[in-house]
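Dear colleague,

I am passing on the structure we spoke about, with the sequence alongside. Please have a look at it first; my notes follow below.

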Amino acid sequence: MASSSNTLAEVLLSRRVQEMVVNGEQPVSLYICRDEKDAQNAPVSPLAPIPIIDLSLLSSSSTEEELQKLKSALCCWGCFQAINHGIPSSFLDEIQQVTREFFRQSMEEKKKYSKGVVEEMEGYGGDPSPEQGQFLDWQDRLLLTVYPHDLRVPKFWPQNPQSFSEILENYTCKMRMVTKLVSKSMAKSLHLEENCFLEQFGEGATLQARFNHYPCCQSPDIVLGLKPHSDGTGYTIILQDIEGLQILQNQQWLTVPTVPSALFILMGDQMEIMTNGIFKSPVHRVITNKEKVRTSIAVFYTPEKNKEIGPQDGLVNEERPRLFKHVKDYEIIHWEHYQRGMRALHTAQV
């Protein structure tokens, strides 16, 4: 029999956070991640000095200095701000605007694309109900597989706004170009053959787009938009409108600044595995805001289904022995641990 807290979680997840805010409801206990006393004693999170990488330099003739900046960023931070990525700022504004328009629609319209509460991942709603003892996130989201095309689930693709599908199709093409450039550049920064990571991801590597909506919250000190976790992806490309994303660095939460027209690129656990621990997969979270609604678009780049990945041969030697096993469909193991509030990286260690 399901516990009473899990039953309540399923009831709450069958509704929408936006709906609760409109009705003037306050976060109930399952959304509260810490008590108010702990919140009052928590230090203020400063802005993180995230390295900025010029992607246009990575494809030019004089790349070495920028490649070493990229390597340093991913060894120390596990993330970077990508500028000059070839995507016009006007188009980034378009996809952010169509995201806002989707979430501004009536609840009736949005619920046409609703997902199941307990297990289903794709569609509109909240993440599946976590295991007992885990708090809920103060957010609504729309998750869509966008590549390969044969993995798409058309019933979850919004018909309104009318431009949504066309803009997302265009964004998907641009994300594929970015992942190819970044994957090749990461390999070259480690003095590896430039296609080695692309080969590990495979031709059928998946792209999933997650459109996140974080409504205003009257208790931002004790309610999180997204619980602390690392990503189970190869890496994730994030477009955010206002600050709210934080990373954990040396046991301190640091806020990721917004850089105009930049893409924030964050390593996932599978990239840490492929680089034999050289690149880091940082723990991160999203805080809530009392006065401002926040939206973001995260694109998850993950190795193709049933494809085995592991430490690249050129990164395993006597000085740096193998740290990880070869794994397959790691994101499934990652999700099982995430639902329990745990990291999964240790399951891939030798």
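How far is the sulfur of C217 from the closest cysteine sulfur, and is that within reach of a bond or too far for one? This is a predicted model, and in it the closest cysteine sulfur, that of C216, lies 8.9 Å from the sulfur of C217, which is too far for a bond, because a disulfide here requires two cysteine sulfur atoms within 2.5 Å. A search of the whole structure finds 0 disulfides, and C216 accordingly takes part in none, with the sulfur of C217 as its nearest cysteine sulfur. As for exposure to solvent, C217 has a relative accessible area of 0% and is buried, while C216, at 19% relative accessibility, also counts as buried, since the cut-off for that term is under 20%.

The sheet is the next thing to look at. Eight strands form an open sheet with mixed pairing, in the order β1-β2-β10-β7-β12-β5-β4-β3. Its edge strands are β1 (52-54) and β3, each of which pairs on one side only, and from one strand to the next the twist averages 25°. Helix α5, which spans residues 64-76, packs on this sheet and touches β1, β2 (79-83) and β10 (263-267), its direction making about 150° with that of β1.

Within the sheet, strand β4 (residues 140-147) deserves a separate paragraph. On one side, β4 is joined by 3 bridges to strand β3 (residues 123-125), and the two run antiparallel; in this pairing, Y124 has L142 of β4 as its bridge partner. β4 is also joined to strand β5 (residues 206-214), again antiparallel, by 7 bridges. In β5, F211 is the bridge partner of L142, and H213 is the bridge partner of D140. L142 therefore has a bridge partner in each of the two neighbouring strands, Y124 in β3 and F211 in β5. Because 8 of the 8 residues of β4 are buried, the strand is largely enclosed by the rest of the structure.

Finally, an annotation to read with some caution: the UniProt record, an unreviewed entry, assigns "domain: Fe2OG dioxygenase" to residues 205-303. In the model, the chain over residues 205-303 is 6% helix and 48% strand, and the C-alpha atoms at the two ends of that stretch are 5 Å apart.

With best wishes

Conventions. Residues are numbered from 1 along each chain as its sequence is written. This is a predicted model: local features need pLDDT of at least 70, side-chain atom pairs count only at pLDDT 80 or more; totals for chains, interfaces and linings use all residues. Side-chain values use heavy atoms; hydrogens and water are left out. Buried means under 20% relative accessible area, exposed over 50%, partly exposed in between (1.4 Å probe, protein chains only). Helices (H or I, at least four residues) and strands (E, at least two) are DSSP runs, numbered from the N terminus. Two strands pair if DSSP finds at least two bridges between them. UniProt positions are given in the numbering used here, feature names are shortened, and annotations may be inferred rather than shown by experiment. Axes are lines fitted to C-alpha atoms, for helices over the stretch in contact, and angles run from 0 to 180 degrees between N-to-C directions. Contact means heavy atoms within 4.5 Å.
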